[in-house]
Amino acid sequence: MQSKCLLQMTGICKSFPGVKALDQVDFSIKRGEIHALLGENGAGKSTLMKVLSGVYKKDAGEIFIDGNSVEIHGPREAQKMGIGIIHQELNLVPELTVMENIFLGREPQKLFGFVDKDKMRKESFEILKRLGTEIQPDDIISDLSIGMQQMVEIAKALSYETRILIMDEPTAALTERESEHLFKIVRQLAASGVGIIYISHRMEELFALSDRITVMRDGAYAGTVVTKETQFDDLIKLMVGRELTERYPRKITDIGNEVLNVKGLCRGDSLRDISFSVKAGEIVGVAGLMGAGRTELARAIFGIDPLDKGTISVDKAEQRIRSCQDAIQAGIGLITEDRKHQGLVLPMSVGDNISLAVLGELSKGSFISGKRRMELIHKQIDDLKIKTPSEAQIVRNLSGGNQQKVVIAKWLSTKPRVLIMDEPTRGVDIGAKVEIYNIMNMLAASGVVILMISSELPEVLGMSDRILVMCRGRVATELAREEATQEKIMAYAAGGN
Ligand SMILES: Nc1ncnc2c1ncn2[C@@H]1O[C@H](COP(=O)(O)OP(=O)(O)OP(=O)(O)O)[C@@H](O)[C@H]1O
Ligand SMILES: [Mg+2]
């Protein structure tokens, strides 16, 4: 055992206008340690890691590497000290290739300053192979799925001598299999002496992977525990400050008339003859593996992608849906899985984003006064407990999980009849998840139908009244709440039965 810590951070403070993001935070890791960082949305995890990786300048505090005090003036300097970070919001240039992204700003040079593409390609290939992905050095980023883009970020961090690797919610967009693979790599890296800082809201993951867990609460250090000596409930208490009674508080309500009816939906190979209906008060889960057609189904119903065939009815009336505007008119809302590209306008304020979806209505003459608009915005901020200094805050400045809550607030304000939620709690902390589930209950009780697409089986099982399992563009089966189990869902999703 080495006596000196690989990394030690003491008394770190960082404020933004109106927000004390970090207040005297202590944190340390040892060589070869996998150290998880846990805390509610907005607790300060990403900010602490941005201080360490030179993105933000700290207001106070000290950082030691191998026992020596260091000042980190910028990301490039952090990189030189061996600190690598995979950011929560991916940071790739979509138009460039994988290898260009991996070596961005430090391309290997040939004579006369030409970029040595062969060297870049060869080294990228090696790293990608080590990660076990099929991604090629010449692939263009924008052609890759989010999960694959995440792999490229990891490859990038591994492409230089990293001694401290920070992973900020690396599995949020990965499939089961990609995650498993990532864990293997993380363990290998740790075994070779790299210190790993791992941020995730997936508690099962933290227990499986980490040696120790540090908990942050409201910008302050709450405590550090040894993982294998810690119980789940104790950890939650440390994190939330109270006990969590129920993880999936589904309240079954009276079922009413049919609200959504989808019949014979077809679109190329991705959707094949899909039919189902949902009644008022129901929450229907949509399960399936990556690529099974779940997101395609959501996009088709919401008018993003045109249908080849099929009908969509709301409240027994067939709807002509050719665009998102048509879908909103028909009372359909969609909460997307990719908040950065489809859900939010990042440079706009929290308030503007929340009222964005109703602006179409506003311009059509159904006038909403400024006062009414403010009331609506404040109600959503309160109901969803969005952590923001005011409604004027730019959405980009909110923590990841709070951005997700803004996406939800935005759609709630359109008062939909049908709400499609694609991975609604991705990146959301365990307490806030329960808040979102309670809102789903409330909506269902008021007669809204909810279609919840989710890869988290406990969530699907815990919150759905009925579950559609998709496989290769079809509904493989429909399971009632009582008969559904994790095993059954997986079997149908994999194409068996
Ligand atoms: N650039 C910024 N400008 C203003 N406020 C910021 C900025 N970055 C972060 N904050 C605020 O600092 C606080 C901590 O945010 P941070 O992103 O560190 O949270 P987090 O623990 O990573 O949360 P999550 O789990 O949701 O990702 C939040 O209140 C956030 O709104
Ligand atoms: Mg964060």
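When I say polar contact today, I mean a pair of N or O atoms within 3.5 Å. With that in hand, hello everyone, and let's look at this structure together. Please keep in mind that this is a predicted model.

Let's start with ligand 1. A nitrogen atom of the ligand sits 3.1 Å from an N or O atom in the side chain of tyrosine 56, and that distance is within the 3.5 Å cut-off, so the pair counts as a polar contact. Two backbone partners join in. A polar backbone atom of glycine 42 is 2.8 Å from an oxygen atom of ligand 1. Glycine 400 also offers a polar backbone atom, and here the distance to an oxygen atom of the ligand is 3.4 Å.

How much of the ligand's own accessible area does the protein cover? On its own, ligand 1 has 640 Å² of accessible area, and the protein covers 92% of that.

Now, who makes up the shell? Ligand 1 is surrounded by 21 residues, and the closest are Gly42, Lys45, Thr47, Ser399 and Gly401. By character, the shell residues divide into twelve polar, six nonpolar and three charged. Three elements give two or more residues to this shell: strand 2, at 19-29, helix 1, at 45-52, and helix 14, at 400-412. Which of the elements gives the most? That would be helix 1, with three residues.

If you think in domains, the shell takes at least three residues from domain 1, which spans 7-240, and at least three from domain 2, which spans 258-493. For the annotation side, an unreviewed UniProt entry carries "domain: ABC transporter" over residues 7-243 and 250-497. Taking residues 7-243 by themselves, the chain is 33% helix and 27% strand, and 32 Å separates the end C-alpha atoms.

Let's stay with helix 1 for a moment. Is this helix mostly covered or mostly open? It is mostly covered, with seven of its eight residues buried. Those buried residues are Lys45, Ser46, Thr47, Leu48, Met49, Val51 and Leu52. Two of the names should sound familiar, since Lys45 and Thr47 are among the closest residues to the ligand. As a general reminder, an α-helix has 3.6 residues a turn, so residues three or four places apart point the same way. After helix 1 comes glycine 54, with a positive phi near 80°.

Over to helix 14, where we find glutamine 403. Its relative accessible area is 5%, and the cut-off for buried is under 20%, so glutamine 403 counts as buried. What does the side chain of glutamine 403 reach? It reaches the backbone oxygen of leucine 398, at 3.2 Å.

A second buried polar residue is serine 159, with a relative accessible area of 17%. Serine 159 belongs to the loop between helix 5, at 146-158, and strand 7, at 164-168. Its side chain and that of arginine 106 are joined by a polar contact of 2.5 Å.

Next, for those of you who like to check backbone torsions, here are two residues to look up. Lysine 316 is not a glycine, yet its phi is positive, near 70°. You'll find lysine 316 in the loop between strand 14, at 309-314, and strand 15, at 317-319. Buried or exposed? Lysine 316 is exposed, with a relative accessible area of 64%. Arginine 472 is the other one, with a positive phi of about 45° although it is no glycine. Its loop runs between strand 19, at 466-471, and strand 20, at 474-480. Arginine 472 counts as exposed too, at 56% relative accessibility, because exposed means over 50%.

Finally, two residues from the helices. Valine 98 lies in helix 3, residues 98-102, and at 0% relative accessibility it counts as buried. From valine 98 to arginine 466 is 368 residues in sequence and 41 Å in space, C-alpha to C-alpha. Leucine 297 is in helix 9, residues 294-301, and it is buried, with a relative accessible area of 1%. Leucine 297 and serine 277 are 20 residues apart along the sequence, with 13 Å between their C-alpha atoms.

To close where we began: in this predicted model, the protein covers 92% of the ligand's own accessible area, and helix 1 gives the most residues to the shell. Thanks for listening, and I'm happy to take questions.

Terms used:
Residues are numbered from 1 along each chain as its sequence is written. Chains are lettered from A and ligands numbered from 1 in the order in which they are written. Side-chain values use heavy atoms; hydrogens and water are left out. A residue is near a molecule or strand if one of its heavy atoms lies within 4 Å of it. A polar contact is a pair of N or O atoms within 3.5 Å; within protein, one must be able to donate a hydrogen and the other to accept it, and residues adjacent in sequence count only if both atoms are side-chain atoms. Accessible areas come from the Shrake-Rupley method with a 1.4 Å probe; for residues, only the protein chains shown count as cover. Helices (H or I, at least four residues) and strands (E, at least two) are DSSP runs, numbered from the N terminus. Ala, Val, Leu, Ile, Met, Phe, Trp, Tyr, Cys and Pro count as nonpolar, Asp, Glu, Lys and Arg as charged, and the others, Gly among them, as polar. Domain bounds come from an automatic or database domain assignment. UniProt positions are given in the numbering used here, feature names are shortened, and annotations may be inferred rather than shown by experiment. Buried means under 20% relative accessible area, exposed over 50%, partly exposed in between (1.4 Å probe, protein chains only).
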